[in-house]
Amino acid sequence: MEFSFTTLGTASARPTSNRYPSAHVLTIGGRLFLIDCGESAQIQMTRAGLSIARIDNIFISHLHGDHIFGLFGLLSTMDMIGRVSPFHMYAPAEMQSILDFFLKQFGGLKYQVVLHAVKCSEPVKILEFKSLDVYAFPLKHRVETYGYLFKEKAPQQNIIKEKIEEKHLTIEEMARLKEGNNITRDGGEVLLSSELTYIPFYPRSFAYCCDTAPFRELPGWVKGVDLMYHEATYGNDLDVLAKSTFHSTAADAAQCAKDACAGKLVIGHYSSRYRSVEVLLAEARKVFPETYLSKEGTKFDIPVKTAVSDTKNLATH
C-alpha cells in the first residue's frame, strides 16, 4: 500500500519565483490528505498529477495566510467539477468565520464543508479509518497552531506456515492465535501466539510540524516516526529572528528529528532570504544526517517494512 508525502509548496510567508506557499499531499493507500492550502495549491496538485476530486480531508495547521490563501480557489474548483460529497476540514475553530465569509460572499457550494475544530494541549486522535489513525498535537507559534501525526494501525498477526502442520493447528486455533491469544489445549499443551505468529509488516507513520519554535515535548509526541516534515525557516545566521518569530532553524528541526529517533527528516518553509537552501540542508545534516530538502513536486515514499515469515529468519530478526 502506498504511503507517500508530496510537497507542493516550500516557501514561508513570502513566496518566490520558484517556491510556493505551504501545501502538501499525503497519500496513504487510495486516500489523499491535503495538509495546509497555501496560494496556488490546486495548481501545484495538477502539476503533480494529484486529483483534486480525491481529496476528502484537509488538515490546516494554523490560520496565517501562507497556509490558507489557496482554500477559496480549491473549494470553488471542487464545486465546479461537480463535487457533492462532504469535504472534511480539521483546523482551529476560528476557521469557521473564514468559511462563513466565503459562503456568504461567493454564493455557497453544492456540497457541505464540515469543519472539525481542533483544540488540544497534548496529542489527541481526531480521525480514524480501518487501517489508519490521525492525531493532532499543539505547536508553539504566534497563533494557535497544530501539527498532525498519521499512523498506520498494527496489522493482524500471520501464522508461521511451518507451524500449521507441525502443531496440527485447526482453523479456530489459527484465528485465535492471529488475534494475539494464547491457547491451552486439552491435555495441557500451551500454544503461544508469540511463537506461532509473525507481524506481516510494521506500521508506518508521518508527522507534520509547521510552524513552530522548538519545545521540549514535541520529540516525545512523535517518537519513532518514519518520516517527519519540520519547518526550517532560517539558518543559524538568523537564529535570533527564528526565536522572536516562533520559528525553527534547520538545526532546530534536525535536533527534533534526532531526539524523536525519526527515520528521515524533510525540511521546508524556507525564508525568502535564502536564494539557495543548500546551506539549510548542510546545517541540518550536521545534526541529523538523514535530512532531505523539500522541493515543489517532490515525492517522498515511506516503503513497506515487511517482517520475515519463516522460523529460521524469525530467530535472527
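These legends accompany several close-up views of a predicted model.

**View 1. The open sheet and its strand order.**
Here we step along an open sheet of seven strands, arranged in the order 6-5-4-3-2-1-19 with mixed pairing. Strand 6 (113-117) and strand 19 (299-301) are the edge strands, each pairing on one side only. Averaged over the sheet and with direction ignored, neighbouring strands are turned by 20° against each other. As general background, strands of a sheet pair through backbone hydrogen bonds, in either a parallel or an antiparallel way.

**View 2. Strand 2 between strand 1 and strand 3.**
Let us now zoom in on strand 2 and its partners. Strand 1 (residues 3-9) pairs with strand 2 (residues 23-28) in the antiparallel sense, over six bridges. Two of the residue pairs to look for are F5 with its bridge partner L26, and G9 with its bridge partner A23. Strand 2 is also joined to strand 3 by six bridges, and these two strands run antiparallel. L26 appears again in this pairing, with F33 of strand 3 as its bridge partner. Strand 2 and strand 3 form a hairpin with two residues between them, and G29 in the turn has a positive phi of about 60°.

**View 3. The two faces of strand 2.**
This view follows the side chains of the strand. A23, V25 and T27 point one way from strand 2, while H24, L26 and I28 point the other way, and all are buried. Because six of the six residues of strand 2 are buried, the strand is largely enclosed by the rest of the structure.

**View 4. Two helices packed on the sheet.**
Which strands does helix 3 (residues 71-80) touch as it packs on the sheet? Its contacts are with strand 3 (31-37), strand 4 (55-59), strand 5 (87-91) and strand 6, and the direction of helix 3 makes about 165° with that of strand 5. Helix 4 (residues 95-105) packs on the sheet as well, touching strand 5 and strand 6. The direction of helix 4 makes about 165° with that of strand 6.

**View 5. Helix 10 against helix 11.**
Two packed helices are described by the angle between their axes and the distance between the axes. For helix 10 (residues 250-259) and helix 11 (residues 278-287), the axes come within 8 Å and cross at roughly 30°. The two helices are therefore roughly parallel to each other. Helix 10 passes helix 11 in a right-handed crossing. Helix 10 brings A250, A251, A254, Q255 and K258 to the contact, and helix 11 brings L280, A284 and V287. By type, the residues of this contact divide into six nonpolar, one polar and one charged.

**View 6. Y270 and its surroundings.**
Y270 is found in the loop between strand 17 (264-268) and helix 11. With a relative accessible area of 2%, Y270 is buried. The C-alpha atoms of Y270 and S12 are separated by 5.3 Å, although the two residues are 258 residues apart along the chain. Leaving out residues up to four places away in sequence, Y270 touches T10, A11, S12, R19, A232, T233, V277, L280, L293 and S294.

**View 7. A136 in strand 8.**
Our last stop is A136, placed in strand 8 (residues 132-138). Is A136 buried or exposed? A136 counts as buried, because its relative accessibility is 0%. Apart from neighbours within four places in sequence, A136 is in contact with V118, C120, E122, P123, V124, I126, G147 and Y148.

Key: Residues are numbered from 1 along each chain as its sequence is written. This is a predicted model: local features need pLDDT of at least 70, side-chain atom pairs count only at pLDDT 80 or more; totals for chains, interfaces and linings use all residues. Side-chain values use heavy atoms; hydrogens and water are left out. Helices (H or I, at least four residues) and strands (E, at least two) are DSSP runs, numbered from the N terminus. Buried means under 20% relative accessible area, exposed over 50%, partly exposed in between (1.4 Å probe, protein chains only). Contact means heavy atoms within 4.5 Å. Axes are lines fitted to C-alpha atoms, for helices over the stretch in contact, and angles run from 0 to 180 degrees between N-to-C directions. Angles under 35 degrees count as roughly parallel, over 145 as roughly antiparallel, 65 to 115 as roughly perpendicular and the rest as oblique. A crossing is left-handed if the near helix is turned anticlockwise from the far one by less than a right angle, and right-handed if clockwise. Ala, Val, Leu, Ile, Met, Phe, Trp, Tyr, Cys and Pro count as nonpolar, Asp, Glu, Lys and Arg as charged, and the others, Gly among them, as polar. Two strands pair if DSSP finds at least two bridges between them.
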